[in-house]
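Thank you all for making time this morning. I would like to talk through one model with you, beginning with a single residue and then moving out to the whole chain.

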Amino acid sequence: TTLWTLKTEADAALVEASSAHWDSKSEDALLKGFAQKKDLWGWSQGVFGPKAYSPDFLRTYANAMVSDVVWSQTGKTYFNTFVGNPQPMECGIFYIDDDTEYPLHYHEELEAYYVLMGVTQFVWLQDGKLVTKDIPAG
């Protein structure tokens, strides 16, 4: 699997998600816009998270930043991170194959995920214990 293959799979997933019926008109419009602009997304394997990925993992995921591609934030909209530094909320599209485990990691950049298809299990450390939560699409 190459990054180009992952890009075509991600583009197809965006088109599929954009043709689904979403309860919210704003979600529907956002996904249709993402799919229509799919040629703008510079798919990569990121600069956040772990700096060393296993070869198996590199065959399963790609991400494309929306921040600074179709919109930018001003310093007025920055939020403090866990360590107190003001940062923008990073916005991107994250594609990952089914049944892939994304390595636990930490970074200062703020991020949020919105699940478009399937179910994603999020895992985080809280009060010294691993917590998991399955989040379905939408």
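Let me start with a question: in which helix does Lys32 lie? Lys32 belongs to helix H2, which covers residues 25-36, and please keep in mind throughout that what we are looking at is a predicted model. Is Lys32 buried, partly exposed or exposed? Its relative accessibility is 33%, and because the partly exposed class lies between the buried limit of under 20% and the exposed limit of over 50%, Lys32 counts as partly exposed. As for its surroundings, the C-alpha atom of Lys32 is separated by 4.8 Å from that of Ser18, although these two residues are 14 apart along the chain.

Turning now to the chain as a whole, the protein contains 3 helices and 8 strands, and, read from the N terminus, the order is three α elements followed by the β elements, that is, α-α-α-β-β-β-β-β-β-β-β. Of the 138 residues, 25% count as buried, while the accessible surface comes to about 9400 Å², with 56% of that area belonging to carbon and sulfur atoms. If we take the contacts between residues at least 6 apart in sequence, 51% of them join residues at least 24 apart.

Finally, a word on confidence. The chain averages a pLDDT of 80, and 89% of the residues score at least 70. Where is confidence lowest, and where is it highest? The lowest mean, 73, is found in strand E4, residues 89-90, whereas strand E8, residues 129-136, has the highest, at 90.

How values were computed
Residues numbered from 1 in each chain as written. Predicted model: local features only at pLDDT ≥ 70, side-chain atom pairs only at ≥ 80, totals over all residues. Heavy atoms only, no water. Helix = DSSP H or I, 4+ residues; strand = E, 2+ residues; numbered from the N terminus. Buried < 20%, exposed > 50% of the residue type's maximum accessible area, 1.4 Å probe, protein only. Contact = heavy atoms within 4.5 Å. Areas by Shrake-Rupley, 256 points an atom, 1.4 Å probe, with all protein chains shown as cover. pLDDT = per-residue confidence, 0-100.
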